Amino acid sequence: MTNPPPSWSLGNNLPLPPHTVPQLIPPIPGSSSSYPSTTTTNLSPMSVPPPPAIPLNIPPEQLPAWFAQHYPHLPPPPPPPPVNAGTYPTLQQSFVQPAVPYSSQLPPLPQPPGVPVTFSYAQAAGGVAMPAFQPAFTAVNAKKTISKPKPGNVLSLPTTHASSPPSAGKTEWPESLKAFVNRAFSDCPDDLKHVLEREVKDIVTSAFEQNIVWTTNWDLKTVPCLEGRKKKDADKKRKKGQNMNEKSIGLMNPGERDRREKRARRFEEEAAAERAKTTAAVPPPPTATDYEADGIDWDQHTIIGYSTTLEKKYLRLTSAPDPSTVRPLHILKDALELVKAKWRKDNNYSYVCDQFKSIRQDLTVQRIRNGFSVSVYETHARIALEKGDLGEYNQCQTQLQQLYALGIDGHPTEFLAYRILYFLYARSRTEVNDVLTRLTEEDKMDPNVRHALDVRKALTSGNYRKLFRLYMDVPNMGAYLMDNFVERERVRALCVMAKSYRPTLDVRFITEELGFENDVETVQFLEAQGVQQQILREGANAGKWRVQMRESMQPLENARARAFKVVDIKGQI
């Protein structure tokens with residue numbers, strides 16, 4: 001039977017593992033310094049018999065005798081200096097107190113047999129010399145600079161930071177000079193580095209010789225070789241652009257070249273007039289949006305027509321307008337009344353739209369912008385809404401926005417509400433937000449605008465119940481615009497119902513919630529969305545028919561994907 005390894009302990013309650021010898025330097029009472037805390041060192045139990053325990057509160061003057069008894073192979077440490085008697089810290093206090101060792105003048109201790117580490121004397125301030133570890137590393141000085149000079153920069157910059165001329169006997173550079181040198185070498189191409197080095201040396205040497213190094217504005221200083229290279233590159237780019245323009249112009253006929261030059265001059269004049277305006281609310285003059293005649297200079301060819309024909313077919317202009325075919329203002333007023341009468345009588349939209357476009361064309365070529373112009377565009381926009389022609393309506397709306405900005409009377413709030421509803425149909429969130437930022441408090445109080453804003457709020461919040469209540473009570477002609485997106489919103493509302501109601505839902509309930517006129521229209525709408533087999537047709541009354549909601553989810557989701565896939569935005573916004 002083998003004996004168990006000896007068990008060492010600190011005091012009576014702190015056991016240590018075998019083959020360890022604790023080192024303890026008790027602090028001297030009254031001293032401000034701290035002592036090395038308890039550590040352990042691997043020793044061989046065969047060469048150094050372990051002591052049973054180390055007294056924790058042994059006075060310093062008894063330590064030499066204690067060590068002579070338990071460490072006979074080590075020379076005795078020198079006696080400690082006399083100190084006043086006092087209370088010694090406990091073991092826990094000695095653990096948490098940091099050690100402050102310093103190099104001792106005592107001779108090194110001989111290495112005991114069987115000890116695999118090297119010992120040395122360590123003396124705390126006023127303490128007792130004890131064996132301690134040597135550091136297992138070699139201290140080196142850390143590098144203080146983190147940048148290296150750029151390749152090719154052979155000028156050595158001083159490390160001092162002088163903001164004013166240095167004292168005599170010292171050669172220092174201003175910070176602006178250092179920045180000038182670094183900037184020059186960073187912008188220099190590889191093939192100019194040797195030239196740049198020579199020129200920078202000459203500039204700096206000349207500045208020191210003339211004693212102007214501290215008075216020169218180095219931030220504005222340039223190097224000749226770099227300036228020459230920049231000018232040469234700019235000339236190359238300019239010549240390349242000229243060659244491209246000459247090649248493109250050379251392929252054109254003389255007439256096309258003249259038209260492009262006139263067009264460029266017209267845009268330059270309009271831009272200059274726009275910059276000269278004092279208020280940003282006034283938009284640029286209206287352009288020819290009703291026809292494609294970009295090469296015509298309307299400032300030069302503004303005319304006053306003398307045609308007396310009331311009805312005129314609309315034709316796109318391909319040349320300067322002929323005054324004999326253009327109707328003056330008083331004839332245009334009669335032509336408008338004739339078109340209104342024929343619309344009320346025949347309701348022929350193709351004929352009416354063609355006549356309105358010819359009237360708008362005559363107004364544009366004569367540059368007539370007054371209350372009559374607003375009346376023409378408003379009337380044409382209302383008729384286009386009634387017939388669902390969003391392209392013509394959008395063109396009229398764009399011109400009306402510019403005419404209202406000029407301060408011409410009309411119905412701006414009515415068409416502002418139409419504009420908001422149109423953007424909701426087109427799902428143009430950016431344009432809607434742009435309109436909202438331009439609204440005034442007076443605009444928000446108008447019933448038309450307030451209704452359009454309520455529709456927007458219901459759409460964004462998903463409140464389909466409120467949306468269809470607003471659809472049933474629309475001021476003016478806003479219902480014609482809402483007709484364009486109310487069906488897709490009904491499909492989205494049905495998808496929500498299919499997820500919320502179980503197991504079935506009455507057709508009458510769907511009719512009332514989604515704003516249908518009758519139950520038959522509701523059933524026809526459901527069948528158009530692919531919900532045919534899910535309708536339980538019990539009896540002749542369609543209002544009592546029931547729709548299976550769980551089974552209708554997939555057809556309704558497919559219909560929703562089709563409804564929100566594409567929006568055909570006609571005209572221009």
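In the predicted model, the axes of helix H17 (residues 486-500) and helix H19 (residues 519-528) come within 12 Å and cross at roughly 80 degrees. Because angles of 65 to 115 degrees count as roughly perpendicular, H17 and H19 are described as roughly perpendicular to each other. On the H17 side, the contact is made by Glu487, Arg490, Val491 and Leu494, and these residues meet Glu521, Phe525 and Leu526 of H19. Sorted by class, the residues of this contact between H17 and H19 comprise four nonpolar and three charged, with no polar residue among them.

Helix H17 also contains Glu489, a residue that does not appear in the list just given for the contact with H19. The relative accessible area of Glu489 is 5%; since buried means under 20% relative accessible area, Glu489 is classed as buried. When its neighbours within four places in sequence are left aside, Glu489 is in contact with Leu459, Leu467, Phe468 and Phe564.

A second helix pair is formed by helix H8 (residues 349-365) and helix H10 (residues 390-405), which pack at an angle of about 25 degrees with their axes 13 Å apart. This angle makes H8 roughly parallel to H10, because angles under 35 degrees count as roughly parallel. The crossing in which H8 passes H10 is left-handed. Residues Tyr349, Cys353, Lys357 and Arg360 of H8 make the contact together with Glu392, Gln395 and Cys396 of H10. The contact of H8 with H10 divides by class into three nonpolar residues, one polar residue and three charged residues.

The model further contains an open sheet of three strands, arranged in the order E7-E9-E8 and paired in antiparallel fashion. Strand E7 (504-506) and strand E8 (535-536) are the edge strands, each of them pairing on one side only. Strand E8 is joined by two bridges to strand E9 (residues 546-548), and E8 and E9 run antiparallel. Within this part of the sheet, Val547 of E9 is the bridge partner of Ile535. Helix H18 (residues 507-514) packs on the sheet, where H18 touches both E7 and E9, and the direction of H18 makes about 65 degrees with that of E7.

Methods
Residues are numbered from 1 along each chain as its sequence is written. This is a predicted model: local features need pLDDT of at least 70, side-chain atom pairs count only at pLDDT 80 or more; totals for chains, interfaces and linings use all residues. Side-chain values use heavy atoms; hydrogens and water are left out. Helices (H or I, at least four residues) and strands (E, at least two) are DSSP runs, numbered from the N terminus. Buried means under 20% relative accessible area, exposed over 50%, partly exposed in between (1.4 Å probe, protein chains only). Contact means heavy atoms within 4.5 Å. Axes are lines fitted to C-alpha atoms, for helices over the stretch in contact, and angles run from 0 to 180 degrees between N-to-C directions. Angles under 35 degrees count as roughly parallel, over 145 as roughly antiparallel, 65 to 115 as roughly perpendicular and the rest as oblique. Ala, Val, Leu, Ile, Met, Phe, Trp, Tyr, Cys and Pro count as nonpolar, Asp, Glu, Lys and Arg as charged, and the others, Gly among them, as polar. A crossing is left-handed if the near helix is turned anticlockwise from the far one by less than a right angle, and right-handed if clockwise. Two strands pair if DSSP finds at least two bridges between them.
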